[in-house]
Amino acid sequence: MRKPPAVLRAWLVQAAILSCGVLGPVALAQAPAADAAPEAAAAAPADAAATSAAPGGAAAPAPGAVDAKEGEGADEVVHWNHWAAGNEINNIGSLQRGARNFVAYCSGCHSLKYSRYSRVGQDLSIPDDQLEQFLVTPGDSKNGYMLTTLSAADGEAWFGKAPPDLSLITRAKGTDYVFQFLKTFYADPNTATGVNNLALPGTAMPHVLAELQGVNAGVFREVEVPAQGDVPASKKAEFIRFEPYVAGRMSEAEYDEFVRDTVNFLDYVGEPAKAKRISMGVWVVLFLLAFSGFAYLLKQEYWKDVK
Ligand code: HEC
């Protein structure tokens with residue numbers, strides 16, 4: 001575990017996120033007005049939303065929306081849905097950082113109800129004292145499950161939806177999906193949280209990593225959807241790219257690494273024996289190959305008198 005103080009700071013951030021669950025959205029929506037440069041302020045969310053008359057409610061784009069400048073390379077569409085997590089399940093350092101990230105930024109809302117702290121400690125080579133100090137929720141036992149203290153009822157009251165248990169999320173939706181989800185939040189004043197998400201449009205989850213990533217504005221353009229049978233022609237917003245809107249603490253590369261480590265940890269949690277299974281698989285196949293050789297020789301030996 002590198003940088004223990006960062007973990008402590010992260011705990012505070014987590015507490016802050018929880019307590020700001022309700023205020024967060026307001027702060028987010030106001031932030032740009034407070035510290036954005038004049039040009040950016042001109043495209044501030046409130047105005048943009050009023051003028052873009054974006055179609056389609058929750059999934060609709062917001063600040064800086066629609067008006068992608070014509071020409072000048074504005075058409076370079078970013079294919080965010082092709083982004084791959086690229087995590088390495090046998091990279092213990094990455095898994096340790098992921099566990100730290102998860103406890104610091106996610107466990108305030110999300111449980112891992114099938115994982116015990118002690119097992120995670122064993123699998124990820126985290127010594128007991130560090131496990132107790134940095135990962136186990138104060139007051140919990142290290143033999144307990146990694147449960148959040150947020151009750152489902154509170155979650156529903158605060159966010160409109162209880163944050164789901166994430167034990168199996170990478171198996172249900174894939175590591176790439178979770179990677180994309182954590183990377184595609186963008187400012188949207190039309191939502192309760194002040195942000196929207198490309199991977200899960202209209203998501204109830206606030207951008208809890210905004211402090212690290214910053215907040216992006218989504219640049220969208222309107223495209224015509226031709227009439228088809230009974231369905232009349234309509235317009236829909238197509239994503240083009242992100243533009244920095246409020247700066248975060250991390251560079252893009254650092255944030256990618258942060259998300260990759262976190263996804264890696266969730267991948268491990270979804271199947272704790274995965275790394276072992278893969279490394280053992282090689283030996284099993286080698287054994288079977290060698291064994292086939294011996295079995296063949298034995299068969300030759302037995303049959304040579306019969307023929
Ligand atoms: C402030 C509470 C809160 C925190 C902290 C939080 N989440 Fe969430 N998360 C939610 C809520 C609420 C949902 C349900 C969103 C929905 O279904 O629209 C959710 C949903 C999710 C989902 C499921 C998305 C899907 O497709 O169903 C994933 C994955 C996720 N969160 C990952 C994380 C990770 C990783 C972290 C830590 C970096 C984190 N969350 C921190 C509240 C939170």
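Helix α10 (175-183) gives the most to the shell around the ligand, with three residues. The model is predicted.

**Ligand shell**

The ligand has 25 residues around it, and those that come nearest are Cys106, Cys109, Phe159, Pro163 and Met205. Sorted by class, the shell holds 18 nonpolar residues, five polar ones and two charged ones. Two helices, α9 (169-173) and α10 (175-183), each supply at least two residues of this shell.

**Overall fold**

The protein chain contains 13 helices and six strands. Of its 307 residues, 32% are buried. Among contacts between residues at least 6 apart in sequence, 71% join residues that are at least 24 apart.

**Two helices, α5 and α12**

The lengths and end-to-end distances of α5 and α12 are set out below.

| Helix | Residues | Number of residues | Expected span at 1.5 Å a residue | Distance between end C-alpha atoms |
|---|---|---|---|---|
| α5 | 92-105 | 14 residues | 20 Å | 20 Å |
| α12 | 252-270 | 19 residues | 27 Å | 27 Å |

For α12, 19 residues at 1.5 Å a residue should span 27 Å, and the end C-alpha atoms are 27 Å apart, so the two values agree. In α5, the reach from the first C-alpha to the last is 20 Å, close to the 20 Å expected.

Helix α5 is mostly covered, with 12 of its 14 residues buried. The buried positions of α5 run from Ser94, Leu95, Gln96 and Arg97 through Gly98, Ala99, Arg100 and Asn101 to Phe102, Val103, Ala104 and Tyr105. Arg97 and Arg100 are thus among the buried residues of this helix.

In α12, the buried residues are Val259, Arg260, Asp261, Thr262, Val263, Asn264, Phe265, Leu266, Asp267, Tyr268, Val269 and Gly270. Which elements cover them? The cover includes α5, the strand β1 (112-116), and the helices α9, α10 and α13 (274-306). Helices α9 and α10 therefore appear twice in this account: they are part of the cover over α12, and each supplies at least two residues of the ligand shell.

**Ser125**

One backbone feature concerns a loop. Ser125 has a positive phi of about 50 degrees, although Ser125 is not a glycine. The residue is found in the loop between α6 (117-123) and α7 (128-135). Is Ser125 buried or exposed? With 10 other C-beta atoms within 10 Å, Ser125 falls under the limit of 12 or fewer, so Ser125 is exposed.

Technical notes. Residues numbered from 1 in each chain as written. Predicted model: local features only at pLDDT ≥ 70, side-chain atom pairs only at ≥ 80, totals over all residues. Near = placed C-beta within 6 Å. Helix = DSSP H or I, 4+ residues; strand = E, 2+ residues; numbered from the N terminus. Nonpolar A, V, L, I, M, F, W, Y, C, P; charged D, E, K, R; others polar. Buried ≥ 20, exposed ≤ 12 C-beta atoms within 10 Å, placed from the backbone. Expected span 1.5 Å × (residues − 1). Contact = placed C-beta atoms within 7 Å.
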